[in-house]
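Here are my notes on the model you sent. Please read them with the structure open.

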Amino acid sequence: MSSEIDAKTRELTTEFRRQRPLRGGSLIITIFGDAIAPRGGAISLGSLIKLCSPFGITERLVRTSVQRLTQDGWLSGMRYGRHSEYRLSARGLERFADATRRIYAAGPDRWRGLWTLVLLPPGDTEGKEALRKELSWLGFGQPMPGIMTHPTRSAANTRDQLADTPYAPLAHIFEARCDDAEADQRFAAESWDLRELTERYRKMLAAFEPIAAAAASSSRPAPLTAFLIRTLLIHEYRKILLRDPVLPTSLLPVDWVGTRAYELCRYLYGYVFESAEMYLSNEGSRLDDELPRVDEDALQRFGGVLQLAT
């Protein structure tokens, strides 16, 4: 029944609001990437404040977080008198395009057997650490000091991702093949902490599987309930995927829990999508107009959200 899913969603939202510190910037990034980017990419500050309110993010925290995200290059803002509108910056759009492919698409089944390796510069320098963090954000693992690696990002893609960063010249990038399946698996286990990822996925499943169970016997959820589920679902999944390289099946443990997490996200996202879009249409706007309709690319997330909802 809908009352059950409403109750489960209130529990989930209450647990989120109890976090200390409550990170407004991280949630705003999720809202922009999941909800605003596919609807024109811009939203008035007043609407963003309304969208954040049910999560316990105060107006003051929204304003502070937006200023910080703008300073960090994620957002760009425009003022019209006393009012403001924000959109993803060019750099923010680029990073979200990459993140979108990782979040909403299934992991690769096949692998060409090539590792992309990046040699970090010697010494303990600020540029080296910045490069390491950027590569980690792209899903690279670190099997040993001075080396970062990824099995599915090509050398060309890695160069493209680093091209606009000031530390791109510090990276020495090449590809290598092992030709030993067991050694490939050991290399993957040494490069990423799969045990930590497993625990994070299990925690996420424990939080959202009760909602999925309630959804199985419920009609379409109320718009606010749908928006809360969708946002918190992608927020938690996104944070895990920032650490998950989304390895090919041949490099993963048997019965990898990340596959189960993806299927849960796929199901719940399809269940709430249309109702969440209704909430966005009702509560979100630009300064001079309504939010545009959601773009076609968003309808293809998780294999097609409209098909998943039927």
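1. First, a term. On a 1 Å grid over the protein atoms alone, a cavity is a set of points where a 1.4 Å probe fits but cannot get out, and its lining residues have an atom within 4 Å of a point. Grid points are joined across faces, edges and corners, and a volume is the space filled by probe spheres set on the points. The second largest cavity has a volume of about 40 Å³.

2. Some ground rules. This is a predicted model, in which local features need pLDDT of at least 70 and side-chain atom pairs count only at pLDDT 80 or more, while totals for chains, interfaces and linings use all residues. Residues are numbered from 1 along each chain as its sequence is written, and side-chain values use heavy atoms, with hydrogens and water left out.

3. How many cavities of 30 Å³ or more does a search of the whole structure find? The search finds two. The largest has a volume of about 60 Å³.

4. Look at the lining of the largest cavity. Ile29, Thr30, Gly33, Asp34, Phe96, Ala99, Thr100, Ile103, Tyr104, Ile234 and Arg238 line it. Helices here are DSSP runs (H or I, at least four residues), numbered from the N terminus. H2 (24–36), H5 (90–104) and H10 each supply at least two lining residues. H5 gives the most, with five. The lining divides into six nonpolar, three polar and two charged residues. In this scheme Ala, Val, Leu, Ile, Met, Phe, Trp, Tyr, Cys and Pro are nonpolar, Asp, Glu, Lys and Arg are charged, and the others, Gly among them, are polar.

5. Now the second largest cavity. Its lining is Ala99, Arg102, Ile103, Arg238, Leu241 and Leu242. H5 and H10 each supply at least two of these residues. H5 again gives the most, with three. The split is four nonpolar, no polar and two charged.

6. H10 deserves a look of its own. This helix covers residues 223–241, 19 in number, and reaches 27 Å from its first C-alpha to its last. That is close to the expected 27 Å, where the expected span is 1.5 Å times one less than the number of residues. In H10, 15 of the 19 residues are buried. Buried means under 20% relative accessible area, exposed over 50%, partly exposed in between (1.4 Å probe, protein chains only).

7. Last, the cysteines. A disulfide is a pair of cysteine sulfur atoms within 2.5 Å. The count by this rule is zero. Cysteine 52 is buried, because its relative accessibility is 0%. Cysteine 178 is partly exposed, at 35%.

Notes. On a 1 Å grid over the protein atoms alone, a cavity is a set of points where a 1.4 Å probe fits but cannot get out, and a pocket is an open set with protein on both sides within 12 Å along at least five of seven lines; lining residues have an atom within 4 Å of a point.
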